[in-house]
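Me: I'd like to go through this fold step by step. Please keep the answers short.

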Amino acid sequence: LQRHLVTGESTMLNRVFEITALHRSGYEFPIELAIVPIKKTGDDFYCAFIRDITERKREGERLRESYEEIRRLASHLQDVREEERLIISREIHDQLGQQLTIMKMDINWLKKRTMLAVNDATKEKMDELNLMMDDMIKTVRKIATDLRPSLLDDLGLGAALEWHLSEFEKRAGIDVHYEGLPQELPLSVTIKTGLFRIVQESLTNVARYAKAKKVLVTLKHIDDILSLTIRDDGVGFDPAELATKKSFGIVGMRERSAMMSGKYSILSSPGQGTTVKVIVPLLIESELK
Ligand SMILES: Nc1ncnc2c1ncn2[C@@H]1O[C@H](COP(=O)(O)OP(=O)(O)OP(=O)(O)O)[C@@H](O)[C@H]1O
Ligand SMILES: [Mg+2]
């Protein structure tokens with residue numbers, strides 16, 4: 001105020017700022033302070049507004065804590081879901097898959113043993129059974145891989161992406177171009193799974209909404225950053241409208257990126273296609289599982 005009186009300048013006036021105040025009884029508490037100069041003929045007046053914001057600060061803190069808690073819960077549920085998928089996928093593949101293979105071998109055994117004793121209709125039935133078993137084995141494999149591609153755990157993200165993209169290309173009839181890493185990186189389970197699921201969800205969106213002809217997926221490693229993009233040449237949309245939608249795909253991808261200490265962004269406008277971009281730092285990976 002002194003400076004203002006002398007020079008007419010001040011960094012404190014006409015602004016609202018938060019400072020710590022000392023209570024009469026000795027403890028400190030947060031306040032909001034605003035000082036306004038009032039010019040009256042000849043005299044300088046200052047009007048100060050002081051508001052105790054202890055409660056507001058506390059509320060803010062509580063809100064932040066509960067948001068953090070929900071975030072941790074979401075991330076935990078995500079992990080549990082992934083673990084369950086892995087277990088179910090292994091069970092289906094190893095147990096059911098093996099039993100079916102044994103059954104198929106038994107049918108062949110029966111066929112050979114009864115070759116001369118049975119009539120044509122029975123032989124035909126056995127051939128039908130054999131073909132059915134082949135289909136069932138394929139279906140079981142497909143269910144297991146869709147739950148969790150073993151490639152992801154056995155060979156790595158690049159291999160799993162290549163497989164998924166070629167399946168998508170066949171199923172959706174959309175041209176997919178993939179530019180991957182020159183070699184597999186030793187990635188944490190969180191990052192491998194996170195990026196794979198983001199590609200899956202983004203491609204599901206492309207197939208559902210984009211009416212695209214082409215999709216370009218790139219995975220790049222620049223310094224200590226892994227960067228993933230999924231770009232389509234489809235109809236695009238206005239991201240501003242997302243707030244009003246009750247959908248969880250993009251929300252989930254954003255959360256997954258946060259779980260990897262990464263950043264998710266989606267760029268789109270009507271008629272301009274859509275680009276999903278995720279960047280993940282690799283340095284702090286040792287802190288992740
Ligand atoms: N590649 C895309 N091309 C065009 N529109 C898209 C694309 N990706 C997302 N969108 C739009 O963004 C919206 C939100 O996508 P999001 O994945 O969050 O939810 P959803 O697919 O509608 O539902 P959910 O994923 O929860 O089943 C979609 O409804 C769609 O309108
Ligand atoms: Mg979706």
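Me: How many residues lie between β7 and β8 in their hairpin?
Reply: This is a predicted model, in which local features need pLDDT of at least 70 and side-chain atom pairs count only at pLDDT 80 or more, while totals for chains, interfaces and linings use all residues. Residues are numbered from 1 along each chain as its sequence is written, chains are lettered from A and ligands numbered from 1 in the order in which they are written, and side-chain values use heavy atoms, without hydrogens and water. In the turn, glycine 271 has a positive phi of about 85 degrees. The number of residues between β7 and β8 is five.

Me: How many bridges join β7 to β8?
Reply: Strands here are DSSP E runs of at least two residues, helices are H or I runs of at least four, and both are numbered from the N terminus. Two strands pair if DSSP finds at least two bridges between them. β7 and β8 run antiparallel, and the bridges joining them number six.

Me: Which residue of β8 stands opposite tyrosine 264?
Reply: Lysine 263 has its own counterpart in β8, isoleucine 279. For tyrosine 264, the residue opposite is valine 278.

Me: Which strands stand at the edges of the five-stranded sheet?
Reply: The sheet is open, with mixed pairing and the order β4-β5-β6-β8-β7. Each edge strand has a single partner, so one side of it is left without a neighbour in the sheet. The edge strands are β4 and β7.

Me: What is the average twist from one strand to the next in that sheet?
Reply: Inside the sheet, β6 and β8 run antiparallel and are joined by eight bridges. Threonine 229 stands opposite lysine 277 of β8. From one strand to the next, the twist averages 10 degrees.

Me: What angle does α6 make with β6 (225-232)?
Reply: Angles run from 0 to 180 degrees between N-to-C directions, with axes fitted to C-alpha atoms and, for helices, over the stretch in contact. Contact means heavy atoms within 4.5 Å. α6 packs on the sheet and touches β5, β6 and β8. Its direction makes an angle with that of β6 of about 10 degrees.

Me: How are α6 and α7 (249-259) oriented, roughly parallel or roughly antiparallel?
Reply: Their axes are 10 Å apart, and the packing angle is about 160 degrees. Angles under 35 degrees count as roughly parallel, over 145 as roughly antiparallel, 65 to 115 as roughly perpendicular and the rest as oblique. The two helices, α6 and α7, are therefore roughly antiparallel.

Me: Which residues of α7 make the contact with α6?
Reply: On the α6 side, the contact residues include Arg197, Glu201, Ser202 and Asn205. On the α7 side they are Gly249, Ile250, Met253, Arg256, Ser257 and Met259.

Me: What covers the buried residues of α7?
Reply: Buried means under 20% relative accessible area, exposed over 50% and partly exposed in between, with a 1.4 Å probe and protein chains only. In α7, the buried residues are Ile250, Met253, Arg256, Ser257 and Met259. Their cover includes α2, α6, β7 (263-268) and β8 (274-281).

Me: Which residues does serine 202 touch?
Reply: Serine 202 is found in helix α6. At 4% relative accessibility, serine 202 counts as buried. Not counting residues up to four places away in sequence, serine 202 touches Ile230, Met253 and Val276.

Me: Which residues coordinate the magnesium ion (ligand 2)?
Reply: Donors are N, O and S atoms within 2.8 Å of the metal (3.2 Å for Na, K and Ca); water is not among the atoms, so sites may look incomplete. The coordination is at 2.2 to 2.3 Å. The residues are Glu201 (OE) and Asn205 (OD1).

Me: About how many helical turns separate glutamate 201 and asparagine 205?
Reply: Glutamate 201 counts as partly exposed, at 24% relative accessibility. Asparagine 205 counts as buried, at 18%. The two are four residues apart in helix α6 (residues 189-210), so the separation is about one helical turn.

Me: What is the order of the three-stranded sheet?
Reply: This sheet is open, with antiparallel pairing. β1 and β2 (residues 28-40) pair over seven bridges. Phenylalanine 17 stands opposite leucine 33 in β2. The order is β1-β2-β3.
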